[in-house]
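Biologist: Could you walk me through this model before I start looking at details?
Modeller: Gladly, and the view comes up here.

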Amino acid sequence: GKSTLVRLIARGLSKDSSGMIFGMAIGAPEKTLQKVLISTNIVKLLSTGEEEIVVRPIVMARIKFINEINRFSKSIQDALLSLLEEGYLEYGGKIFRTPEYLCFADMNPFRGDMDRALKARFLGSCYIDLPDLSGSKKIIDSLIASEVETQSYPDLVKTMPRVLSIAELLEIWDDVVNVKIPEDVRIFSLMIVSMFRVCKYKRGIIGYMRLKCTECEYSNEPCSFVQEPPDERANLALLLYARARAWLHKRDYVDYSDVTWAAPYILAHRLELKPLVKSRVPNPWVLIKQTIREVIETKWITDGELGDWAE
């Protein structure tokens, strides 16, 4: 249902919209840059001698969806990194810029991982588990209802109302920028990220150092769970998500609850857990939620008094 979820969001954001709204690329190891993002019209070039560059819909779409992103080759992932980070592609000596956009991607973790640099360009992530029995029944009921409503093959997307236009969404983004982030909340946010990467050994790139975590007096702290730490972008992403949640709750300021809510979605895909830790937890999102809850209960408030973090 991951693809259906993204298509529902895209339809919901396509009210009164013009231009290329939705563009999709489906990952496969054999696909080349020309098949995915941009190419030259070879037939026209050979028949007329004129060079026509064909830009794939995903490049110019306002809502981009990269399906099975981890199945793309390293070269395609590098090209996607350029598109998402710089906002443009260079091909045949020309620059092709994308308009402001939303980008979604999905992946099946059993098919391998994706490039860490590309993964870090996504602000947030979530884990979509299999539904339980009641969840499956809701899905089936909704599909049958959509069949009756549309008088066609069951498709939930066709029943989704068009709620917002891209122009209205951009207005919301501008409004969210006005939400204030108090200084103490900024520091709290930085501490949440830092507890997964701070180290007494002044580690930088962990993969190049052998750390004595088991001999360290902080061996039970979150830093000891981590094989690769979250990048610096995590700090900005966490505040952006927290500010958006504050706006959604009709507040003009960010509070601590916004930060603790957003942290698992920001951090889970940015850090790599140690193999032994991976074997003990369902997924990184659950571990981060548990860790933050323990921090609040022990370091924020201790026996009814302000803890070390609060001080």
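**A walk through the model**

Modeller: Of the 311 residues of the protein chain, 37% count as buried, and please keep in mind that this is a predicted model.

Biologist: What does the chain span along its principal axes?
Modeller: The C-alpha trace spans about 75 × 50 × 40 Å along those axes, and the chain has 13 helices and eleven strands.

Biologist: And the contacts, how many join residues at least 24 apart?
Modeller: If one takes the contacts between residues at least 6 apart in sequence, 69% of them join residues at least 24 apart.

Biologist: Changing topic to helix H8, which of its residues are buried?
Modeller: In helix H8, which runs over residues 166-176, the buried residues are Ile-166, Leu-169 and Val-176. Seen down the axis of H8, these buried residues fall within an arc of 70°, so they line one face of the helix.

Biologist: What covers the buried residues of H8?
Modeller: The cover includes strand S4 (63-67) and strand S7 (102-105), together with helix H10 (233-248).

Biologist: And which exposed residues sit on the face turned away from the buried side?
Modeller: That face of H8 carries Glu-171 and Asp-174, both of them exposed.

Biologist: How about the surface, how much does the chain expose?
Modeller: The protein chain exposes about 18500 Å², and carbon and sulfur atoms supply 56% of that area.

Biologist: Which residues make the nonpolar surface patch?
Modeller: Ile-42, Leu-45 and Leu-46 make a nonpolar patch of about 300 Å² on the surface. Of these residues, Leu-45 lies in helix H3, which covers residues 42-48, and Leu-45 counts as partly exposed, because its relative accessibility is 33%, while the limits for that class are 20% and 50%.

Biologist: Now the cysteines, how many disulfides are there?
Modeller: The count comes to zero disulfides, with a pair of cysteine sulfur atoms having to lie within 2.5 Å to qualify. Cys-126 is in no disulfide, and the nearest cysteine sulfur, that of Cys-103, is 14 Å away.

Biologist: Why is Cys-216 in no disulfide?
Modeller: For Cys-216 the nearest cysteine sulfur is that of Cys-223, 6.5 Å away, and Cys-216 therefore forms no disulfide, since the pair would have to be within 2.5 Å.

Biologist: Are Cys-126 and Cys-216 buried or partly exposed?
Modeller: Cys-126 is partly exposed, its relative accessible area being 48%, whereas Cys-216 counts as buried, at 12% relative accessibility.

Methods: Residues numbered from 1 in each chain as written. Predicted model: local features only at pLDDT ≥ 70, side-chain atom pairs only at ≥ 80, totals over all residues. Heavy atoms only, no water. Buried < 20%, exposed > 50% of the residue type's maximum accessible area, 1.4 Å probe, protein only. Patch = residues over 30% accessible without salt bridge, like charges linked within 9 Å, V, L, I, M, F, W, Y side chains within 5 Å. Areas by Shrake-Rupley, 256 points an atom, 1.4 Å probe, with all protein chains shown as cover. Salt bridge = Lys/Arg side-chain N within 4 Å of Asp/Glu carboxyl O. Helix = DSSP H or I, 4+ residues; strand = E, 2+ residues; numbered from the N terminus. Arc of directions from axis to C-beta. Contact = heavy atoms within 4.5 Å.
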